[in-house]
Amino acid sequence: MANSKLGGELHQQRGTAENYGLDAARYDRTRPRYPDGLVERIARSCPGNELLNVGAGTGIEARQFQAAGCTVLGVEPDARMADFARAHGTEIEIARFEEWDAADRRFDGIISGQAWHWVDPEAGAAKAASVLRPSGRFAAFWNVAEPPAEVREAFRKIYVEVVPDALATRAYSMPAPPVSSSPLLTKTIEGIRKAGGLFGEPEQWQFEWEYVYSKDEWLDQLPTQGDHGQFEPEKLERVLTEVGAAIDAMGGSFDMKYTAVAVTATRPAS
């Protein structure tokens, strides 16, 4: 949830993104994957199988697209995340996408999972168009989480008490907007449209799925979310303890609903 429901110019807040590499193995182990339907639809819609993965992180989506028959080159600014991705079979170049040197290379598709909000939306769209082949596909996608109402309220009370200024506190305290109007999506769409005709009209694709989290699974993932990596150690420990107790009170697990949503557009054929 967290970042997926917040506005603001996240691409200017690099401090949060750079915390994810502190424990790359945990990030890779616990972060949700993307539904096969989304991966397959994007792969099929590209004119070929050579993809560029912007904000590749530890290689989560890169490995999924590789399994679908694609060749993937990642661009990732965090060397710790990049090292993990390389060790698990993904070729990575270290750079922020806006500053990355394509060296005249062109790709059939550009993918970005849970990362495009760290890219300047207008400059990023123009850069993406410049490295796509004609009819190439751009697809930025996110898993948007929607916990049950009782889970949301239990977690909200904890975050308000322990870390009132955290991103998660704001997210749990705000009414959940329709997925299609998430600020992450609207800013991406605006960036594509402002790129001056370099892309066709953007579309949104959605795939719904669910996952039942045990207490241990949720607590394992929690330090990788939002700005949790910036919490004072004692406050993070308190969040983990109290969230764990709340999940125990719910029976030791809860069902999280996800919508995997992509903003996608193609470069004109000529």
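**Sheet, helix and core**

In this predicted model, Leu-73 sits opposite Glu-91, a residue of strand β3. That pair is a handy way into the sheet. Strand β2, which covers residues 71-76, runs parallel to β3, and four bridges link the two. Zooming out, the sheet turns out to be an open one made of seven strands, with mixed pairing. Reading across it, the order is β3-β2-β1-β4-β5-β7-β6. The edges are taken by β3 (91-94) and β6 (203-214), each of which has a pairing partner on one side only. From one strand to the next, the twist averages 20°.

Next comes helix α3, made up of residues 36-45. Four of its residues, Leu-38, Val-39, Ile-42 and Ala-43, are buried. These four lie on the same side of α3, because the arc they cover around the axis is only 125°. The spacing fits a general rule: an α-helix has 3.6 residues a turn, so residues three or four places apart point the same way. The exposed residues Asp-36 and Arg-44 are found on the face of α3 that is turned away from the buried side. And what do the buried residues of α3 pack against? Their partners are helix α4 (60-67) along with four strands of the sheet: β4 (107-113), β5 (132-146), β6 and β7 (253-266).

Then there is the inside of the protein. In soluble globular proteins, nonpolar side chains tend to be buried together. Here, the largest nonpolar core holds 48 residues. The members that touch the most others are Phe-65, Phe-141, Phe-155, Tyr-159, Trp-218 and Val-243. Helix α11 is the top contributor to this core, giving six residues. Phe-65 makes a good example of how these contacts spread out. Leaving aside residues up to four places away in sequence, Phe-65 touches Val-39, Ile-42 and Ala-43, which are three of the buried residues of α3. Phe-65 also touches Leu-51, Cys-70, Val-72, Ile-111 and Phe-141. A second core, separate from this one, has 30 residues, among them Val-75, Ala-129, Val-144 and Leu-184.

Helix α11 itself spans residues 233-249, and Asp-248 belongs to it. Is Asp-248 buried, exposed or partly exposed? Asp-248 counts as partly exposed, because its relative accessibility is 43%, between the 20% limit for buried and the 50% limit for exposed. Asp-248 and Phe-97 are 151 residues apart along the chain, and 42 Å separates their C-alpha atoms.

Technical notes
Residues numbered from 1 in each chain as written. Predicted model: local features only at pLDDT ≥ 70, side-chain atom pairs only at ≥ 80, totals over all residues. Heavy atoms only, no water. Pairing = 2+ DSSP bridges. Axes fitted to C-alpha atoms, helices over the stretch in contact; angles between N-to-C directions. Buried < 20%, exposed > 50% of the residue type's maximum accessible area, 1.4 Å probe, protein only. Arc of directions from axis to C-beta. Contact = heavy atoms within 4.5 Å. Core = buried A, V, L, I, M, F, W, Y, C linked by side-chain atoms within 4.5 Å.
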